[in-house]
Amino acid sequence: MNKYLDCPISFYYEYILRVPGARSDALAFGIAVHYALEQLFRKMYQHPQKEFPDKEELFRFFQYALRREESAFTEQQFTRRRELGIQILGEYYDHYIRSFNRHIIAEYNIPYVAMDGVPLKGKLDKVTFNGADCTVIDYKTGSPDYAGRYQLSGPTESHPYGGDYWRQMVFYRILLENHTPARSWRMIAGVFDFIEKNRKGDFVQYTVPIDDESVRIVKEQIKMVYAKIMNREFDQGCGKEECPWCRFARQYQLERPPAGMAEEAALL
């Protein structure tokens with residue numbers, strides 16, 4: 001949904017045609033960090049006394065996952081990302097290990113729910129509990145200094161759809177409310193947890209409170225985007241100069257096929 005709202009043309013090439021593309025080193029690094037943290041909490045949960053593994057085991061989880069993503073890196077990138085991962089994970093571990101909530105579910109996967117006829121799915125990095133109240137945690141591996149505040153805010157005049165981060169957390173609440181095993185939970189907030197310190201040397205967590213009006217707005221956005229996708233409305237892009245798919249469409253003067261052509265092609 002975020003991709004479509006940003007640029008329907010990019011959505012078409014990346015999610016409909018699924019044009020192959022190389023995985024970026026930043027994405028591969030993020031996957032390895034997420035895996036390490038997932039295993040940290042899974043091992044804690046499996047321990048009889050709910051004790052966390054030591055820091056060295058966290059590093060082993062990370063390096064194992066990084067090696068699985070090795071094709072995304074040059075040799076120099078791999079070395080630098082390994083060093084960076086060990087550094088930031090070690091600092092993160094030292095800072096939070098004594099305060100982590102142990103009542104959690106890590107990597108909670110929701111493969112399918114239906115909201116007003118719209119199919120949805122998603123995976124939550126971590127869910128923490130205080131009784132029936134729950135908070136959804138989403139890890140971020142980029143620098144918190146570059147996380148624009150507008151990404152965390154709801155709709156404004158300059159950003160009528162609201163920020164991507166805000167929409168992401170509201171979407172998670174919608175997922176949980178429509179997921180039968182989770183209907184007894186009450187999501188009270190979403191937290192973006194940055195693994196890397198900011199420029200001041202502090203760890204940052206951004207909390208997104210979620211109210212009923214936010215849920216109503218995002219539900220309408222979901223239904224609007226789903227209707228446009230099903231209607232094959234991919235001809236208008238974002239028009240940004242830095243958008244590679246908009247440049248591609250302009251360069252080759254691509255046009256939307258006449259109504260019915262896609263259906264005819266599908267029958268061939």
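Okay, before the pictures, one bit of vocabulary: two strands count as paired if DSSP finds at least two bridges between them. With that in hand, look at β1 and β2, which run antiparallel and are joined by nine bridges. And keep in mind that what we have on screen is a predicted model.

Let's stay with the sheet for a bit. It's an open one, five strands in the order β1-β2-β3-β4-β5, and the pairing is mixed. So which strands stand at the edges? Those are β1, residues 104-115, and β5, residues 205-209; each has a single partner strand, so one side of each has no neighbour in the sheet. On average, neighbouring strands here are turned by 35° against each other, if you ignore direction.

Now zoom in on the β1 and β2 pair. Ile-105 has Val-127 in β2 as its bridge partner. The hairpin of these two strands has two residues between them, and Asp-116 there takes a positive phi near 50°.

Moving along to the next pair, β2 covers residues 118-130 and β3 covers residues 133-140, and they're antiparallel too, with five bridges. Asn-130 is bridged to Asp-133 in β3, while Lys-126 stands opposite Ile-137, also in β3. This hairpin, the one of β2 and β3, again has two residues between the strands, and here Gly-131 is the one with a positive phi, near 70°.

What lies across this part of the sheet? Helix α3, residues 25-46, lies across β1, β2 and β3, and it runs at about 110° to β1.

That brings me to the packing. The largest nonpolar core has 34 residues, and Phe-41 and Leu-89 touch the most other members. Which elements feed this core with two or more residues? They are α3, α4, α5 (that's 75-96), β1 and β3. The top contributor is α3, with ten residues. If you click on Phe-41 and skip its neighbours within four places in sequence, you'll find it in contact with Phe-52, Phe-100, Asn-101, Ile-104, Ala-106, Lys-126 and Tyr-139. There's also a second, separate core, this one of 32 residues, with Val-118, Leu-120, Phe-129 and Val-170 among them.

On to the aromatics, for those of you who like rings. Searching the whole structure turns up 25 aromatic pairs. Take Tyr-12 and Tyr-13: the ring centres are 5.4 Å apart and the planes sit at 75°, so that's an edge-to-face pair. Are these two buried or exposed? Well, Tyr-12 is partly exposed, at 28% relative accessible area, whereas Tyr-13 counts as buried at 10%.

Another pair to pull up is Phe-29 and Phe-62, with centres 6.0 Å apart and planes at 85°, so that's edge-to-face as well. Phe-29 belongs to helix α3 and Phe-62 to helix α4, residues 55-68, so this pair ties together parts 33 residues apart in sequence. Phe-29 is buried, with a relative accessible area of 1%, and Phe-62 is buried at 0%.

Back to those tyrosines for a second. Tyr-12 and Tyr-13 are in a cluster linked by ring pairs, together with Tyr-4, Phe-11, Tyr-15, Phe-234, Trp-245, Phe-248 and Tyr-252.

Some rings also have a charge over them. The charged end of Lys-50 is over the ring of Tyr-45, 5.2 Å from its centre. Likewise, Arg-68 lies over the face of Tyr-35, at 4.7 Å from the ring centre.

Last stop, Cys-243. Where is it? You'll find Cys-243 in the loop between α7 (212-230) and α8 (244-251). Its relative accessibility is 7%, and since buried means under 20%, Cys-243 counts as buried. Which residues does Cys-243 touch, not counting those up to four places away in sequence? The answer is Cys-7, Ser-10 and Cys-238. For a sense of distance, Thr-141 is 102 residues from Cys-243 along the chain, and their C-alpha atoms are separated by 23 Å.

That's my tour, thanks.

Conventions. Residues are numbered from 1 along each chain as its sequence is written. This is a predicted model: local features need pLDDT of at least 70, side-chain atom pairs count only at pLDDT 80 or more; totals for chains, interfaces and linings use all residues. Side-chain values use heavy atoms; hydrogens and water are left out. Helices (H or I, at least four residues) and strands (E, at least two) are DSSP runs, numbered from the N terminus. Axes are lines fitted to C-alpha atoms, for helices over the stretch in contact, and angles run from 0 to 180 degrees between N-to-C directions. Contact means heavy atoms within 4.5 Å. Rings of Phe, Tyr and Trp (its six-membered ring) pair if their centres lie within 6.5 Å; planes under 30 degrees apart count as stacked, over 60 as edge-to-face and the rest as tilted. Buried means under 20% relative accessible area, exposed over 50%, partly exposed in between (1.4 Å probe, protein chains only). A charge sits over a ring if NZ of Lys or CZ of Arg is within 6 Å of the ring centre and within 35 degrees of the ring normal. A nonpolar core is a set of buried Ala, Val, Leu, Ile, Met, Phe, Trp, Tyr and Cys residues joined through side-chain atoms within 4.5 Å.
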